[in-house]
Amino acid sequence: SSWNINEVADLMDCLYGLKVDRWAFSRYVPKEGEEFDVSAEQYYNLLCIIKERHKKWEEKLGVPRQGKDPLWATVYDDYPVYCGTIQGGCMLGSMALTLLPDNMVRGCRRHAGSVLERWKDGRSLLEIWTNNDRLNEMRQIHMIEVCNQCKYLCVCRGCRAVAWAKSKSFYTKDPHCIIATNLIKRR
């Protein structure tokens with residue numbers, strides 16, 4: 001968020017300086033009614049700064065590069081381009097389910113709009129994974145505005161939780177994506 005975006009790279013350096021062998025961060029997902037206070041340009045600049053500063057730690061400590069956020073595809077030039085199937089990026093509908101303490105199943109732990117159903121004894125999570133209509137709707141990645149025109153669709157799709165927080169739609173562009181922002185500006 002705007003509260004700490006300028007501290008993230010310094011925090012990384014501090015942690016690696018303490019010989020931490022793994023470090024990552026997640027974007028803040030605003031709650032309903034909160035404004036988005038970090039622009040796509042600011043977020044992209046943060047990713048570029050971290051990428052550059054992280055190189056020394058990759059060499060010095062052998063730590064892997066950053067890659068948790070789907071938008072790393074906008075910074076690194078070795079991500080595969082469109083391939084027809086999901087191969088990474090946002091986990092919603094492709095790699096994870098979340099079971100909350102109240103037995104509510106979500107498609108994403110950070111995505112308030114991804115509630116699927118309440119799990120009950122005898123109900124298979126695999127059945128929810130494969131047969132839940134709402135989750136299958138969320139998997140319609142070609143419906144995602146602007147992302148459906150991006151060469152990184154199968155390895156990114158932005159963060160659906162952040163997009164949902166902005167618009168209450170599964171299919172809105174990630175407001176922090178520099179590629180989507182630039183595509184819209186060109187229209």
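Is I86 buried, exposed or partly exposed? I86 has a relative accessible area of 32% and is therefore partly exposed. The points below concern a predicted model.

1. **Surface patch.** I86 is located in the loop that runs between α2 (40–61) and β1 (98–99). Together with M91 and M95, I86 makes up a nonpolar patch on the surface. The accessible area of these three residues together is about 260 Å². I86 can belong to such a patch because its relative accessible area of 32% passes the requirement of over 30%.

2. **Largest nonpolar core.** The largest nonpolar core comprises 27 residues, and F25, I50 and W72 have the most contacts inside it. Helices α1 (8–17) and α2 each contribute at least two residues to this core. The most is given by α2, which provides five residues. As a general point, nonpolar side chains in soluble globular proteins tend to be buried together.

3. **Second core.** There is also a second core, separate from the largest one, with 20 residues. Among its members are C90, M138, I141 and V162.

4. **Surroundings of W72.** W72 counts as buried because its relative accessibility is 1%. When neighbours within four places in sequence are left aside, the contacts of W72 are F25, L47, I50, K51, Q66, G67 and Y79. Two of these partners, F25 and I50, are named with W72 as the residues with the most contacts inside the largest core.

5. **Aromatic pairs.** The structure contains six aromatic pairs. One of them joins W72 and Y76, with 5.5 Å from centre to centre and 35° between the planes; this pair is tilted. Y76, like W72, is buried: the relative accessible area of Y76 is 7%, and the relative accessibility of W72 is 1%. Another pair is formed by F170 and Y171, whose ring centres are 6.2 Å apart and whose planes stand at 75°, so this pair is edge-to-face. Both partners count as buried, F170 at 7% relative accessibility and Y171 at 15%. Ring pairs also connect W23, F25, W72 and Y76 into a cluster.

6. **Helix α5.** Helix α5 spans residues 160–167 and is mostly covered, with six of its eight residues buried. The buried residues are R160, A161, V162, A163, W164 and A165. Their cover includes helix α4 (133–138). V162 of this helix is also included in the second core.

7. **Positive phi at R157 and K168.** Which values of phi do R157 and K168 have? For R157, phi is near 70°, a positive value in a residue other than glycine. For K168, phi is near 65°, again a positive value in a residue other than glycine. R157 is placed in the loop between α4 and α5, whereas K168 follows α5 and lies in the loop between α5 and α6 (178–186). R157 is buried because its relative accessible area is 3%. K168, at 38% relative accessibility, counts as partly exposed.

8. **N132.** N132 occupies the loop between α3 (125–131) and α4. With a relative accessible area of 6%, N132 is buried. Outside its neighbours within four places in sequence, N132 is in contact with L116, E117 and E127.

9. **Y28.** What does Y28 contact when neighbours within four places in sequence are left aside? Its contacts are S1, E34, R110 and V162. V162 is one of the buried residues of α5, while Y28 itself is found in the loop between α1 and α2. Y28 is partly exposed because its relative accessible area is 39%. Y28 and L47 are separated by 19 residues in sequence, and their C-alpha atoms are 14 Å apart in space. L47 is, in turn, one of the residues in contact with W72.

Technical notes
Residues numbered from 1 in each chain as written. Predicted model: local features only at pLDDT ≥ 70, side-chain atom pairs only at ≥ 80, totals over all residues. Heavy atoms only, no water. Patch = residues over 30% accessible without salt bridge, like charges linked within 9 Å, V, L, I, M, F, W, Y side chains within 5 Å. Areas by Shrake-Rupley, 256 points an atom, 1.4 Å probe, with all protein chains shown as cover. Salt bridge = Lys/Arg side-chain N within 4 Å of Asp/Glu carboxyl O. Helix = DSSP H or I, 4+ residues; strand = E, 2+ residues; numbered from the N terminus. Buried < 20%, exposed > 50% of the residue type's maximum accessible area, 1.4 Å probe, protein only. Core = buried A, V, L, I, M, F, W, Y, C linked by side-chain atoms within 4.5 Å. Contact = heavy atoms within 4.5 Å. Phe/Tyr/Trp six-rings, centres within 6.5 Å; stacked < 30°, edge-to-face > 60°.
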